[in-house]
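Subject: Handover of a structure and notes on its packing

Dear colleague,

Please find below the structure that I am handing over to you. My notes on it come after the display.

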Amino acid sequence: MRALLVEDDRAIRQALSEGLAAEGFVTETAADGVDGLWMAQEHDFDIVVLDIMLPGLSGWEVCRRLRATGSAVPILMLTAKDGEYDEADALDLGADDFLSKPFSYIVLVARIRALLRRAPPSRDPIVVAGEFRLDPAARRCWFREQEIQLTAREFSLTEFLMRRHGRVVSRVTIAEHVWDAELDIDSNVVEVYIGYLRKKFAGSGAGNPIDTLRGAGYRFTAETGPANGG
C-alpha cells in the first residue's frame with residue numbers, strides 16, 4: 001500500500017513515516033502543501049495523511065483542490081486545533097476522516113486501515129513486472145504461480161522497485177522512501193535487504209531480477225537467470 005504523508009513538523013513527519021513503513025506502507029512525504037498537492041496529483045496513493053496547518057497551501061486547500069480534480073483517494077486530516085468547526089470544515093471539503101493532535105499512533109493506524117477497507121477497489125490493484133505479480137492490498141507477491149513470502153519491509157522494498165520497473169533508483173532514494181530520510185547514509189541496510197530479496201526470489205525459481213549498477217543504484221528488470229551484480 002502506498003501512503004502520502006504531508007506534514008511540516010519534521011519530528012512528526014519522521015516518526016509517522018517510520019511507523020507506517022513498519023506497517024508495510026511505501027510512504028512518501030512532503031513538508032508543505034504545494035509539494036503535497038503536486039505529489040498527490042502526479043502519483044497514485046492508497047491513502048493521504050494531510051496536516052491542516054501547512055506552509056504554502058493549507059491542508060484545507062490541498063484537500064479542496066484534490067477533490068476538484070475528481071480524486072477519490074481517502075484523506076485523513078491532522079490538526080493541532082481541536083474544535084468541531086475545524087472538523088466540519090475538513091469533512092465539508094471532502095476529507096474522509098479527521099484526527100486532532102496529539103493523537104495515539106495506534107488510533108491513527110486503525111483509522112487508516114478503516115478508510116482503506118471502505119475505499120472502493122482500485123481499477124488495477126495488481127502491480128505486474130514481467131512474470132512477477134504483486135497485490136498491495138493483500139500484501140502478496142508471486143513469480144508465475146509461486147508465491148514469495150516477504151516480510152513487511154521486504155514487501156515495501158519489492159513494491160517500490162516493481163513500480164519503477166526498468167528504472168535505476170539510487171540507494172539513497174530507496175532509503176528515503178522505504179525507510180526514512182534520516183537513515184544513516186553510511187548504513188548498508190539497503191544492500192542487506194536487496195540480498196534478502198535476491199535469496200527469496202532465487203528460492204522461488206525467479207533467479208535474480210534486480211540489477212546492481214555500480215555507483216548508480218538498482219534496477220528491477222524482472223528478468224530471470226543468474227545474478228546481475230552483487
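The notes that follow cover helix packing, the nonpolar cores and two individual residues. Please bear in mind throughout that this is a predicted model.

Helix 6

Helix 6 spans residues 152-162. Of its 11 residues, 9 are buried, so the helix is largely enclosed by the rest of the structure. The buried residues are Glu154, Phe155, Ser156, Leu157, Thr158, Glu159, Phe160, Leu161 and Met162.

Glu159 deserves a separate remark. Its relative accessible area is 0%, and because buried means under 20%, Glu159 counts as buried. Apart from neighbours within four places in sequence, Glu159 is in contact with Met1, Arg2, Val26, Leu134 and Pro136.

Helix 6 also packs against helix 8, at an angle of about 85° and with the two axes 10 Å apart. That angle makes helix 6 roughly perpendicular to helix 8. On the side of helix 6, the contact is formed by Arg153, Glu154, Leu157, Thr158 and Leu161; helix 8 contributes Tyr193, Ile194, Tyr196, Leu197, Lys200 and Phe201. Sorted by class, this contact holds 7 nonpolar, 1 polar and 3 charged residues.

The nonpolar cores

The largest nonpolar core comprises 29 residues, and Phe132, Ile174 and Phe220 have the most contacts inside it. At least two residues of this core come from each of the following: strand 6 (127-129), strand 7 (132-135), strand 8 (140-143), helix 6, helix 7 (171-179), helix 8 (189-203) and strand 12 (217-220). With residues up to four places away in sequence left out, Ile174 touches Leu157, Phe160, Leu161, Val169, Trp179, Val190 and Tyr218. A second core, separate from this one, has 21 residues, among them Leu37, Met39, Val48 and Leu57.

Two further helix pairs

The first pair to describe is helix 2 (residues 33-42) with helix 3 (residues 59-68); their axes come within 10 Å and cross at roughly 20°. Helix 2 and helix 3 are therefore roughly parallel to each other, and their crossing is right-handed. Gly33, Leu37, Ala40 and Gln41 of helix 2 meet Val62, Arg65 and Leu66 of helix 3. By class, there are 4 nonpolar, 2 polar and 1 charged residues in this contact.

The other pair is helix 1 (residues 10-22) with helix 5 (residues 105-118), whose axes come within 12 Å and cross at roughly 55°. This places helix 1 oblique to helix 5. The crossing of helix 1 and helix 5 is also right-handed. Here Leu16, Gly19 and Leu20 from helix 1 meet Tyr105, Leu108 and Ile112 from helix 5. The contact of helix 1 with helix 5 has 5 nonpolar residues, 1 polar residue and no charged residues.

A backbone point at Arg144

Most residues other than glycine have a negative phi. Arg144 is not a glycine, yet its phi is positive, at about 55°. Arg144 lies in the loop between strand 8 and strand 9 (146-148). With a relative accessible area of 45%, Arg144 is partly exposed.

When you open the model, I would suggest beginning with helix 6, given that 9 of its 11 residues are buried.

With kind regards

Note on methods:
Residues are numbered from 1 along each chain as its sequence is written. This is a predicted model: local features need pLDDT of at least 70, side-chain atom pairs count only at pLDDT 80 or more; totals for chains, interfaces and linings use all residues. Side-chain values use heavy atoms; hydrogens and water are left out. Axes are lines fitted to C-alpha atoms, for helices over the stretch in contact, and angles run from 0 to 180 degrees between N-to-C directions. Helices (H or I, at least four residues) and strands (E, at least two) are DSSP runs, numbered from the N terminus. Angles under 35 degrees count as roughly parallel, over 145 as roughly antiparallel, 65 to 115 as roughly perpendicular and the rest as oblique. A crossing is left-handed if the near helix is turned anticlockwise from the far one by less than a right angle, and right-handed if clockwise. Contact means heavy atoms within 4.5 Å. Ala, Val, Leu, Ile, Met, Phe, Trp, Tyr, Cys and Pro count as nonpolar, Asp, Glu, Lys and Arg as charged, and the others, Gly among them, as polar. Buried means under 20% relative accessible area, exposed over 50%, partly exposed in between (1.4 Å probe, protein chains only). A nonpolar core is a set of buried Ala, Val, Leu, Ile, Met, Phe, Trp, Tyr and Cys residues joined through side-chain atoms within 4.5 Å.
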